[in-house]
Amino acid sequence: MPKATNVPIDAPPRRRVLIAGAGIGLTVTACTRAAGPPQRGAPGPGHGSGRPAAVRQAGVTTPRQATALLLAYDLDPDVRGAAGARALRQVLADWTDALAETREPDGFAEARLTATVGVGPRLPARLGVTAPAALRELPAFPGDRLDPARCGGDVLVQLCADDSDAAEETAESLTRLAGETLRPRWRQAGFLPPSPDGGGTPRDLLGFRNGSADPSPQECERWVWSGDATYLVVRRVHLRLEDFARLAVHRQEEIIGRRRSTGGPLPGGPEHADVDVFAKSPSGRYLTPARSHVGVVSHRHDGGARMLRRSYSYADGPTDQGLLFLAFLRDPALFTRVQRRMASRDELSGFTETRGSALAYVLPGARPGRPLGAELLA
Ligand code: HEM
């Protein structure tokens, strides 16, 4: 398993101070700062009038930064029960402080670093704490070729930044602060490929815009957040890029169900137009092929239920490249439904092989005096 890189020797002095401070568990900003930039929005469902305003972790509705680094840790096998909960509470409190430091103007604010921390399905039972209602292992899906060394984890961290050094250095300090309590299990780096036509929705390695149909802020309140928490699904999907690239563009578009150039619907219209997957031509043919990716995964088959995809591409050498699929949603059962449909009839599945998979409950954000994990591990 690759390890986090060392602090580069040309790193600005401030960064070295940060990492060194984190290494000895320095709590410079203890208890005074929320784990921001907290995303304050309309309170999500379940907020009574007596509760403080929503404090959510960054990196969910934040516009994608250029790079991502996913880290999975396992709880020390000897750590369990109340003592384990105490040990993890300490790690998460130290992480809360270290992450607050990264948001200082002389930390990694310029790189727009966000850290998003969640826990995996096996953790609550190990620690004897109440599990969030929907935190259960994802089922097995037909066609998956999972490598256990790239799956699961008791604690998951998504680090995103415009500068991959910022994420790498933060990863190193988090791992050091985790001490013996959390052991690195797997890591995966991701990036947004440069777009030939400049800005706009980033493209994936198949060359299509990926993220065009993401939900609006109002839809996120309804479908992504559960109070201040959410769930993250990670899928490391190997893509058969050469096979796909050999196809004519119109065939590629039939398989994806959107236009390659604009990202818009096949019958025409702007990129962000909602695709009506039930629309037919006068001769009765679906205008978006029923076995195309969008034809299969569309929210219209799920009564409008949405997930917020925030995917990156990955390239681990010339023969293993693909999509680091990341989706946030309030109920992982939606992912399971959509993935089962994909496995049964999505033409895109002929070009994919899922090799890694994980689910995490993304903790509510920290508040002054309430570090990450305070509610779960109380
Ligand atoms: C295998 C690699 C995948 C690739 C290359 C891929 C690519 C795409 C592309 C190009 C779009 C259309 C543009 C957009 O709205 O973003 C799209 C839409 C979408 N994808 Fe995927 N995707 C992949 C896997 C998945 C998986 C595993 C899921 C969930 C099980 C998923 C769920 C969705 C959803 C929900 C939409 C929006 C559909 C709509 O409501 O219009 N995708 N994907």
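How many of the 22 residues of α2 are buried? I looked this up before anything else. The count is 16, so I put α2 down as mostly covered, taking 20 or more other C-beta atoms within 10 Å as the mark of a buried residue. Note to self: this is a predicted model.

**Helix α2 and the core**

I checked the length of α2 next. With 1.5 Å for each residue, its 22 residues ought to span 32 Å, and I find 31 Å between the end C-alpha atoms, which agrees. Then I went to the largest nonpolar core, which has 92 residues. Helix α2, residues 81-102, contributes 10 of them, the most of any element. Within that core, Leu159 and Phe328 are the residues that touch the most other members. My reminder on the background: nonpolar side chains in soluble globular proteins tend to be buried together.

I listed the contacts of Phe328, skipping neighbours within four places in sequence. They are Val60, Val224, Thr230, Tyr231, Leu232, Met307, Leu308, Arg310 and Val362.

**Around the ligand**

Which residues are closest to the ligand? I get Phe208, Ser212, Ala213, Val297 and Val338, out of 28 that surround the ligand. Elements giving two or more residues to this shell are β5 (230-239), α8 (293-297), β8 (321-329) and α9 (332-345). Of these I singled out α9, which gives the most, with four residues. By type I have 15 nonpolar, eight polar and five charged residues in the shell.

**Gly322**

I stopped at Gly322, which sits in strand β8. Is Gly322 buried or exposed? I call Gly322 buried because 26 C-beta neighbours fall inside 10 Å. Its contacts, leaving out residues up to four places away in sequence, are Leu205, Arg236, Val237, His238, Leu239 and Tyr314. I also paired Gly322 with Gly190: they are 132 residues apart in sequence, yet 9.5 Å apart in space from C-alpha to C-alpha.

**Helix α7**

My last stop was α7, residues 249-256, where Gln252, Ile255 and Ile256 are buried. Why do I say they line one face of the helix? Looking down the axis of α7, I see its buried residues fall within an arc of 95°, so they share one face. The general rule I had in mind is that an α-helix has 3.6 residues a turn, so residues three or four places apart point the same way. His250 and Arg251 are exposed, on the other side of α7. Among what covers the buried residues of α7, I noted α6 (241-245) and α8. After α7 comes Gly257, and I read its phi as positive, near 95°.

Conventions: Residues are numbered from 1 along each chain as its sequence is written. This is a predicted model: local features need pLDDT of at least 70, side-chain atom pairs count only at pLDDT 80 or more; totals for chains, interfaces and linings use all residues. A nonpolar core is a set of buried Ala, Val, Leu, Ile, Met, Phe, Trp, Tyr and Cys residues joined through C-beta atoms within 7 Å. A residue is buried if 20 or more other C-beta atoms lie within 10 Å of its own, exposed if 12 or fewer, and partly exposed in between; C-beta atoms are placed from the backbone. Two residues are in contact if their C-beta atoms, placed from the backbone, lie within 7 Å. A residue is near a molecule or strand if its C-beta atom, placed from the backbone, lies within 6 Å of it. Ala, Val, Leu, Ile, Met, Phe, Trp, Tyr, Cys and Pro count as nonpolar, Asp, Glu, Lys and Arg as charged, and the others, Gly among them, as polar. The expected span of a helix is 1.5 Å times one less than its number of residues. The arc is that of the directions from the helix axis to the C-beta atoms.
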